[in-house]
Amino acid sequence: MTDEQEQVRPSGVWATAVGVARVRALENERENALFRDPLAQAFATAGGLWPSSPPPDDEAARRRRQAVSYSIVIRTKFLDDLLQQASASGVRQVVLLGAGMDSRAFRIDWPAGTRLFEVDTAAPLDFKAAVLRQERAVARCERTTVAVDLREDWPAALAAAGHDPTVPTAWIAEGLLIYLPEDAVELLLARISAQSAAGSRMGLTLGSRGVIERFGADAAPGSAASMWVSEMPDDPVGWLAGHGWEAEGHTLRERAAAYGRPLSTPPQREERPGGLISAVRR
């Protein structure tokens with residue numbers, strides 16, 4: 001740990017990004033990993049979450065942790081595939097909103113000319129920069145960080161950093177919307193749509209209906225679940241169509257089976273498509 005890292009400690013919502021890095025580091029160690037993230041362990045170590053903590057004694061808490069970890073792995077693979085499909089379609093501009101410890105700029109083989117923008121507040125970006133310097137990480141695309149709060153005028157900051165709204169963009173909001181109240185989610189989507197040329201792509205993760213009740217009711221203060229405030233709308237595809245996007249919704253269970261990681265337990269309630277969203281701007 002460097003002096004610089006000591007000065008920037010994970011806290012609040014962005015600290016959950018270090019927890020996500022821990023999950024990705026564990027997946028990276030699997031022989032049959034769905035993705036490789038060599039930087040994840042460095043982020044988790046710098047944030048004090050590696051070696052990984054022992055499972056909770058409480059069986060219900062252990063199951064909840066496993067469920068969250070499982071969802072992180074599946075959504076990471078889902079969005080990796082979406083970005084690779086966007087690249088194959090000719091999209092050369094990528095924006096990661098609430099980028100956290102995302103290392104896609106460093107671990108995906110991007111086509112030449114790809115420009116990737118990481119939008120987040122200064123604290124996680126500073127923390128991340130210190131780890132990247134320590135690891136001597138080299139991006140595989142033109143990577144630009146944009147330090148701005150998503151509650152502020154982030155489109156202006158993104159434009160100032162070089163984003164071109166007249167050409168297609170691939171947008172990723174991973175593990176983000178669940179932390180935003182409904183009005184903030186609507187504003188974020190409206191702003192994304194205003195900056196999206198025809199042919200743009202978007203990948204979203206949405207909290208499934210009832211997830212806050214199941215996970216947040218007895219969540220420990222400061223934990224990720226304790227900060228969740230929004231779930232997906234009743235009709236995610238229709239909701240996005242109203243913003244000008246042609247979307248497809250998927251369930252975690254469906255995608256997990258497609259990736260060879262089927263859930264062994266039967267669903268305890270009806271699962272509606274929409275937790276994982278891929279969309280195209282027409």
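This passage describes the overall fold content, the salt bridges, two residues of helix H4 and the internal cavity of a predicted model.

The protein has eleven helices and seven strands, and of its 282 residues 47% count as buried. Among the contacts in the protein with a separation of 6 or more, 75% are accounted for by residues 24 or more positions apart. The exposed surface amounts to about 13,200 Å², and carbon and sulfur atoms supply 50% of that area.

Side chains of opposite charge can pair when their charged atoms come close. In this predicted model the structure holds 17 salt bridges, of which several are described individually here. Asp102 and Arg104 form a salt bridge in which the closest N and O atoms are 2.4 Å apart, and both of these residues are buried. A further salt bridge joins the side chains of Arg115 and Glu142, at 3.6 Å from N to O. This pair links distant parts of the chain, since Arg115 belongs to strand E2 (residues 115-120) and Glu142 to strand E3 (residues 142-147), with their positions 27 residues apart in the sequence. Arg115 is partly exposed, with a relative accessible area of 23%, and Glu142 likewise counts as partly exposed, at 44% relative accessibility.

The side chains of Glu27 and Arg30 also meet in a salt bridge, for which the N to O distance is 3.9 Å. The two partners fall into separate accessibility classes: Glu27 has a relative accessible area of 4% and is therefore buried, the cut-off being under 20%, whereas Arg30, at 36%, is partly exposed. Beyond these pairs, a network of salt bridges links Arg24, Asp37, Arg75, Asp80, Asp102, Arg104, Arg107 and Glu174; the buried residues Asp102 and Arg104 are thus members of this network as well as partners in a salt bridge.

Arg75, another member of the network, is found in helix H4, which spans residues 59-88. With a relative accessibility of 15%, Arg75 counts as buried because this value lies under the 20% cut-off. When residues up to four places away in sequence are not counted, Arg75 touches Val20, Glu174, Gly175, Thr205 and Leu276; one of these, Glu174, also belongs to the salt-bridge network. The C-alpha atoms of Arg75 and Ala256 are 9.1 Å apart in space, although the two residues are 181 residues apart in sequence. Helix H4 also contains Ser69, which is buried, with a relative accessible area of 18%. Leaving aside neighbours within four places in sequence, Ser69 is in contact with Arg22 and Val23.

Rolling a probe the size of a water molecule over the atoms shows where empty space is left. The structure holds one cavity of 30 Å³ or more, and the volume of the largest cavity is about 40 Å³. Its lining is made up of Ala173, Leu177, Val185, Leu188, Leu189, Ile192 and Leu204. Helix H8 (residues 182-194) gives the most to this lining, contributing four residues. In terms of residue class, the lining of the largest cavity comprises seven nonpolar residues, with no polar and no charged ones.

Technical notes:
Residues are numbered from 1 along each chain as its sequence is written. This is a predicted model: local features need pLDDT of at least 70, side-chain atom pairs count only at pLDDT 80 or more; totals for chains, interfaces and linings use all residues. Side-chain values use heavy atoms; hydrogens and water are left out. Helices (H or I, at least four residues) and strands (E, at least two) are DSSP runs, numbered from the N terminus. Buried means under 20% relative accessible area, exposed over 50%, partly exposed in between (1.4 Å probe, protein chains only). Contact means heavy atoms within 4.5 Å. A salt bridge is a side-chain nitrogen of Lys or Arg within 4 Å of a carboxyl oxygen of Asp or Glu. Accessible areas come from the Shrake-Rupley method with a 1.4 Å probe; for residues, only the protein chains shown count as cover. On a 1 Å grid over the protein atoms alone, a cavity is a set of points where a 1.4 Å probe fits but cannot get out, and a pocket is an open set with protein on both sides within 12 Å along at least five of seven lines; lining residues have an atom within 4 Å of a point. Grid points are joined across faces, edges and corners, and a volume is the space filled by probe spheres set on the points. Ala, Val, Leu, Ile, Met, Phe, Trp, Tyr, Cys and Pro count as nonpolar, Asp, Glu, Lys and Arg as charged, and the others, Gly among them, as polar.
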